[in-house]
Amino acid sequence: MATIPSHNHLLTTNSGHHHSSPPVNSSFSKINFPVKPRVTATRALSRTDESSLSAVISRLERERRERQGLTDEAEGLGERWMTAEDIRRRDKTSEEKGKLIDTWRKIQGEDDWAGLMEPMDPVLRSELIRYGEMAQACYDAFDFDPASKYCGSSRFSRLEFFDSLGMSGSGYEVARYLYATSNINLPNFFSKSRWSKVWSKNANWMGYVAVSDDETSRNRLGRRDIAIAWRGTVTKLEWIADLKDYLKPVSENKIRCPDPAVKVESGFLDLYTDKDTSCKFAKFSAREQILAEVKRLVETYDDEDEDSDLSITVTGHSLGGALAILSAYDIAEMGLNRSKSGKVIPVTVLTYGGPRVGNVRFKERMEELGVKVMRVVNVHDMVPKSPGLFLNESAPHALMKIAEGLPWCYCHVGEELALDHQNSPFLKPSVDLSNAHNLEAMLHLLDGYHGYVNFFNLEVENDKIWKPWDK
């Protein structure tokens with residue numbers, strides 16, 4: 001697999017820091033950076049720089065064609081590894097054929113994606129990549145630099161978020177930023193500045209809530225989509241060692257639940273529910289922030305017209321995948337996915353390289369609530385195998401029944417889409433296990449995935465297949 005640099009190297013570091021100053025409004029509904037006039041649009045290095053994963057793969061493919069003596073005319077049979085914007089343009093025809101507007105409920109998992117993964121449905125592939133890019137945006141915008149006063153925050157203001165990342169065609173507007181307190185047992189997950197005077201001593205930016213605009217809702221998606229993206233970890237795996245690795249009832253953290261047997265990993269639960277009243281960014285927990293914003297957006301767009309529909313899609317990579325599952329459960333358990341008329345708003349979770357979150361009863365409760373979960377994993381990635389390395393869904397049913405009361409008996413939820421980086425001719429072998437956890441590599445694997453029994457092929461516009469492994 002490719003030796004992928006740490007994400008600190010995938011992000012630009014500008015000595016003339018382009019952060020806007022911390023917000024002065026500490027109200028619960030607007031914890032966001034104000035808009036700062038932008039001289040030039042800054043785009044994440046992971047999408048544009050020659051050292052990025054996509055650029056490296058593109059260069060390798062060009063060199064391969066040159067070695068094979070392929071002419072420019074034959075170049076139409078293949079294509080470079082593309083950015084999300086390229087993929088969106090390429091898949092426009094496929095989406096029109098697939099009639100996303102008419103089939104979006106199936107794409108969101110109404111039937112648990114039956115018949116859509118073998119072979120891989122092109123519209124589903126495009127949507128998985130699109131939401132994966134929304135999770136990737138959390139990394140591209142995050143300030144990892146400990147020498148910065150704004151370390152641990154978003155590098156861009158809420159109103160310019162997608163434009164600053166070169167994603168102006170996303171069709172979404174960020175409605176709210178999400179923050180969490182760092183006073184929990186995951187020190188390797190939080191980033192802190194070395195400066196004595198910083199934007200916040202106790203909070204980290206965790207992600208955002210966005211909503212699709214009118215044109216995208218009407219002409220592409222077939223519904224108004226509320227998207228929630230959680231920040232996770234890039235390639236570092238140290239946070240796994242920080243987990244207490246024991247389950248506790250969600251009700252212990254004052255989350256509504258009718259069954260005390262429903263349990264989740266304690267560290268995830270603390271990160272989701274803890275707050276620091278002395279910090280204006282963590283004055284309310286991540287849970288309170290997200291529930292308040294989803295409630296507001298549902299009330300705003302509920303029954304826009306007789307034919308309008310709403311959806312709630314939650315996405316995240318790594319630890320962000322765990323938070324995506326937990327927050328989606330909470331939204332459904334709280335009944336925030338119901339319109340005033342009583343119509344159920346579908347809640348879908350799309351995670352990438354996410355760990356196990358809860359026990360068997362948590363999985364069953366998710367199914368009872370109708371929350372649909374798709375987990376995209378690399379089979380060589382260790383994170384989806386944790387926690388619950390020994391007692392998990394793969395253990396014999398009889399053993400799981402005996403051990404279900406133990407505080408370290410875990411179970412994955414939803415459907416799994418398993419990818420293998422060894423199937424891509426563009427990714428070199430690596431002894432670094434953390435490379436298998438890279439989100440950009442997973443999106444590359446998604447682009448070439450056509451089904452379990454099919455060869456890896458990057459998509460091409462003329463539907464012809466160029467086999468890069470042919471010598």
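Helices and strands here are DSSP runs, numbered from the N terminus. With that naming in hand, a loop can be placed by the elements on either side. Asp112 is found in the loop between α5 and α6.

This is a predicted model, so confidence comes first. The protein chain averages a pLDDT of 79. Of the residues, 70% score at least 70. Two stretches call for care. Over residues 1–50 the pLDDT is below 50. That stretch still has 143 contacts in the model beyond near neighbours in sequence. Residues 70–80 also have a pLDDT below 50. There the model has 22 contacts beyond near neighbours in sequence.

Now turn to the sheet. It is open and has 7 strands. Read across, the order is β1-β2-β3-β6-β7-β8-β9. The pairing is mixed. Which strands stand at the edges? They are β1 (172–181) and β9 (415–419). Each has a single partner strand, so one side of each is left without a neighbour in the sheet. From one strand to the next, the twist averages 15°.

Look next at one pair inside that order. Strand β7 covers residues 347–352, and strand β8 covers residues 372–378. The two pair in the parallel sense, over 5 bridges. Thr351 stands opposite Arg375 in β8.

A helix lies across part of the sheet. Helix α11, residues 286–301, lies across β1, β2 (203–212), β3 (224–230) and β6 (310–317). Its direction is at about 160° to β1.

Back to the loop between α5 and α6. Helix α5 spans 100–107 and helix α6 spans 122–141. Asp112, in this loop, has a phi near 55°. That is a positive value in a residue other than glycine. Pro119 is found in the loop between α5 and α6 too. The peptide bond leading from Glu118 to Pro119 is cis, with omega near 0°.

Where is Pro387 found? Pro387 sits in the loop between β8 and α14 (397–403). The peptide bond from Ser386 to Pro387 is cis, and its omega is near -20°.

Last, the empty space inside. Rolling a probe the size of a water molecule over the atoms shows where such space is left. The structure holds 4 cavities of 30 Å³ or more. The second largest has a volume of about 90 Å³. Its lining includes Arg105, Tyr301, Asp302 and Asp303. Ser308, Asp309 and Leu310 are also among the lining residues. So are Ser339 and the run Lys343, Val344, Ile345 and Pro346. What classes make up this lining? It has 5 nonpolar, 2 polar and 5 charged residues.

Technical notes: Residues are numbered from 1 along each chain as its sequence is written. This is a predicted model: local features need pLDDT of at least 70, side-chain atom pairs count only at pLDDT 80 or more; totals for chains, interfaces and linings use all residues. Side-chain values use heavy atoms; hydrogens and water are left out. pLDDT is the predictor's confidence in each residue, from 0 to 100. Contact means heavy atoms within 4.5 Å. On a 1 Å grid over the protein atoms alone, a cavity is a set of points where a 1.4 Å probe fits but cannot get out, and a pocket is an open set with protein on both sides within 12 Å along at least five of seven lines; lining residues have an atom within 4 Å of a point. Grid points are joined across faces, edges and corners, and a volume is the space filled by probe spheres set on the points. Ala, Val, Leu, Ile, Met, Phe, Trp, Tyr, Cys and Pro count as nonpolar, Asp, Glu, Lys and Arg as charged, and the others, Gly among them, as polar. Two strands pair if DSSP finds at least two bridges between them. Helices (H or I, at least four residues) and strands (E, at least two) are DSSP runs, numbered from the N terminus. Axes are lines fitted to C-alpha atoms, for helices over the stretch in contact, and angles run from 0 to 180 degrees between N-to-C directions.
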